[in-house]
Amino acid sequence: MAKCLNCGEEVTGSFCINCGTPAPESKVNLEKTETVKPEIINTEESVNKIEVVQPQNQYQNNFSGTAQTNQNPTPPPVYNNIQVNMPNVTTSVGGWIGWLLLISFLNIIGVLIMLCATKDESAKNFAKAYLVFFGICTAIALIILLICILIPVMIGAASR
């Protein structure tokens, strides 16, 4: 039995079981290598023989409808969570109370100030929704006002 040159343990094969160092007698002498030409045999048995090669990736198929995976598949790459141009600003409860007081005293001007001054996306979305809702309510009020004015005028003109 040979001893490992690295750790001193007995080596039984080509490598030391303890540290993985190649055994002393397993070193190859590169000066005395010979080139061997492969021999091709064309017999009827070798031509009819079909070699089945199993896939060597991590998703081997066992042809039963389920996939087999290797014991140690490559983990997916991990990316850092980077948010570009997305400030992490949230409005506190006191901030919302302040915005609501501003809107209640200045109404549309307060909403426009809120839309332009804040960096919180939820506060900007609230201001946009408030402006849309205010526009719809104003349009409905104008339509009702026109109807209330035009109907008496048309009735009064018809009675004369």
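**Figure 1. Crossing of helices H3 and H4 in the predicted model.** In this predicted model, helix H3 crosses helix H4 in a left-handed manner. The two helices, H3 spanning residues 108-117 and H4 spanning residues 121-159, pack at an angle of about 150°, and their axes lie 8 Å apart. On the H3 side the contact is formed by Ile108, Val111, Leu112, Met114 and Leu115, while H4 contributes Ala123, Lys124, Phe126, Ala127, Lys128, Tyr130, Leu131 and Phe134. Sorted by class, the residues in this contact of H3 with H4 comprise 11 nonpolar and two charged residues, with no polar residue among them.

**Figure 2. Packing of helix H2 against helix H4.** The axes of H2 and H4 are 12 Å apart and enclose an angle of about 25°; because angles under 35 degrees count as roughly parallel, H2 is described as roughly parallel to H4. The crossing of this pair, H2 with H4, is right-handed. Trp96, Leu100 and Ile103 of H2 meet Ser122, Ala123, Phe126 and Tyr130 of H4, and the residues of this contact divide into six nonpolar and one polar, with no charged residue.

**Figure 3. Helix H2 and the residue that follows it.** Helix H2 consists of 14 residues, 93-106, and from its first C-alpha to its last it reaches 20 Å, which is close to the 20 Å expected at 1.5 Å a residue. Just after H2 comes asparagine 107, whose phi is positive, at about 45°.

**Figure 4. Surroundings of valine 89 in the loop before H2.** Valine 89 lies in the loop that runs between strand E4 (67-69) and H2. With a relative accessibility of 36%, valine 89 counts as partly exposed. When residues up to four places away in sequence are set aside, valine 89 touches Lys119 and Asp120. The C-alpha atom of valine 89 is separated by 9.5 Å from that of serine 122, a residue 33 positions apart from valine 89 along the chain, and Ser122 is also one of the H4 residues in the contact with H2.

**Figure 5. The protein chain as the setting for the close-up views.** The secondary structure of the protein chain comprises four helices and four strands, and from the N terminus on these elements follow the order β-β-α-β-β-α-α-α. Of its 160 residues, 9% count as buried. Among contacts in the protein chain with a separation of 6 or more, 17% are between residues 24 or more positions apart.

Methods. Residues are numbered from 1 along each chain as its sequence is written. This is a predicted model: local features need pLDDT of at least 70, side-chain atom pairs count only at pLDDT 80 or more; totals for chains, interfaces and linings use all residues. Side-chain values use heavy atoms; hydrogens and water are left out. The expected span of a helix is 1.5 Å times one less than its number of residues. Axes are lines fitted to C-alpha atoms, for helices over the stretch in contact, and angles run from 0 to 180 degrees between N-to-C directions. A crossing is left-handed if the near helix is turned anticlockwise from the far one by less than a right angle, and right-handed if clockwise. Contact means heavy atoms within 4.5 Å. Ala, Val, Leu, Ile, Met, Phe, Trp, Tyr, Cys and Pro count as nonpolar, Asp, Glu, Lys and Arg as charged, and the others, Gly among them, as polar. Angles under 35 degrees count as roughly parallel, over 145 as roughly antiparallel, 65 to 115 as roughly perpendicular and the rest as oblique. Buried means under 20% relative accessible area, exposed over 50%, partly exposed in between (1.4 Å probe, protein chains only).
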